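Reader: Please take one strand of this model and go through it closely. I would like its side chains, its partners and its surroundings in one connected account.

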Amino acid sequence: MVIVGGGIIGSSVAWSLASRGVRDVAVVDVDLAGIYAASELNAGGARATWWHPVNIETCLATLDFFREHREELGFRERGYLWLYADRDLFARALAKRALQNARGLGVERLEPGAVRERFPLLDGAMHELVGATFSPRDGLVNPNAVRAHYRSHAERLGVRFLNRHYVTGVETQRVAGAAGSLRRVAALHVVGVRSPGAGDESGTLREILTTHRVPEPAREAETRLACDTLVNCLGAWSPILAAKLGISDPAEPVRRQISLVDVRREGLAPGVDLDELGMIVDASGLYFHPEGAFVLAGYSTPDEAPGYDFDYDGDDFFEREIWPRLAHRASAFERCRHVRGWAGLYAVTPDRSGIAGAVAGFANLFEAHSFTGRGVMQSWAVGRAMAALVATGSFGDHDLAPLSRSRFSDPARWVTEELHI
Ligand SMILES: Cc1cc2nc3c(=O)[nH]c(=O)nc-3n(C[C@H](O)[C@H](O)[C@H](O)COP(=O)(O)OP(=O)(O)OC[C@H]3O[C@@H](n4cnc5c(N)ncnc54)[C@H](O)[C@@H]3O)c2cc1C
């Protein structure tokens, strides 16, 4: 059994398969350190307050897992505060509280005055807000620790992680199935990649991942890896593999940028304690939370064109998108310092929910990818569900059927999430 992609999702699926006693599981990845993987470049937010049961429940189960291992995984249950300036969106978010609170999430409605009182950091332009929601059971997690946990447990159960292996092609055959002819994945074509060294200073990995070719000097042996079952966990690169199989994927890679901001150096007003804060999502689309000694702040540029782009726009991005929004909502940020930042890829689907399940028309092909901004917080339950599906033919405790790719042919089945950052 082969899993392609050893990010947080592939690692979780691998561990879950091995926990079920599935033997001979191999995970293939061109860079297990994941320096261009979303699992390495995300914001570490973890919430269950979504609008659809499948997303709420998979996140809820994953957050319970984080909670159980809170020390090791760095889980901090500090809540999500969501600020609204749009009356209609606020009304629709409030309407979802029944669904969320029926599952024990305890989401509160806050008036703008109450926001100011409970979160003294937020002292700017409260008159613009129509209200807020606060979900106390959501929080922050260390995604690297989560991925390391999945991997180390998988390895202990015998999973092999093949690093520096880039999948260039896939071989299929026709087989007879109960409902007619099916295709079966027989093997992967894999090119060994010469180690580009720590941090990819040479740009080799980046070139491979953005052009989808392994340049001559970086190539090592080319091998054929036979597989009886294949699980596509390639995140934002899933459409590349799908295309090789003749499948048109609705997901698109879209760049998302994050800045680290130093505000403590300038001194914070009395009563403002950053360490107590969880995730704050501003009405302007900015989100931020404390991150060690700094504040991590992200903003998704609405007109960002899809593509495999990892360039961080640096001071320009910070000064144009981050700083004005931070300072507008919290005077503490009027004087702060841009420390550094990075860019990673969201795999965005038309309804902003992930794709998971067995791939129709294939006897032995499965997929779990394109979890937009939710892959960390869904990872444990997705791993469990996919392993159950592969091993037994059904999802078991976590039903991912609503995330089947077949939903895209019928907009009534879309799993549309609007509070998407
Ligand atoms: C800026 C940003 C902020 C985010 N914030 C959050 C957040 O707060 N909370 C949250 O839950 N989620 C967040 N996300 C989303 C989350 O990070 C992703 O959904 C999740 O990490 C996806 O994991 P994955 O394993 O599917 O993909 P990835 O981690 O991208 O892993 C895919 C792997 O495939 C490998 N690969 C690619 N092509 C090939 C090939 N041909 N052959 C071999 N290997 C290959 C890559 O090396 C990579 O390791 C954020 C994402 C970004 C970019």
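Author: In this predicted model, the side chains of strand β19 alternate: L365, E367 and H369 point one way, while F366 and A368 point the other way. Both groups are buried. The strand, residues 365-369, is mostly covered, with five of its five residues buried.

Two strands pair with β19. Strand β12, residues 230-232, runs parallel to β19, and the pairing comprises three bridges. Strand β18, residues 355-358, pairs with β19 in the antiparallel sense, over four bridges. F366 takes part in both pairings: its bridge partner in β12 is V231, and its bridge partner in β18 is A358. The connection between β18 and β19 is a hairpin with six residues between the strands. In that turn, G361 has a positive phi of about 90 degrees.

Next, the surroundings. M386 is in contact with F366, E367 and A368 of β19, leaving aside neighbours within four places in sequence. On the same basis, the contacts of M386 also include V231 of β12, as well as A356 and G357 of β18. Further contacts of M386 are V13, F395 and L400.

M386 also belongs to the largest nonpolar core, which has 91 residues. Together with I3, L17, F66 and L400, M386 is among the residues that touch the most other members. Helix α12, residues 375-392, supplies the largest share of this core, 10 residues. Another core lies apart from it and has 29 residues, among them L129, I280, F288 and Y299.

Technical notes. Residues are numbered from 1 along each chain as its sequence is written. This is a predicted model: local features need pLDDT of at least 70, side-chain atom pairs count only at pLDDT 80 or more; totals for chains, interfaces and linings use all residues. Side-chain values use heavy atoms; hydrogens and water are left out. Buried means under 20% relative accessible area, exposed over 50%, partly exposed in between (1.4 Å probe, protein chains only). Two strands pair if DSSP finds at least two bridges between them. A nonpolar core is a set of buried Ala, Val, Leu, Ile, Met, Phe, Trp, Tyr and Cys residues joined through side-chain atoms within 4.5 Å. Contact means heavy atoms within 4.5 Å.
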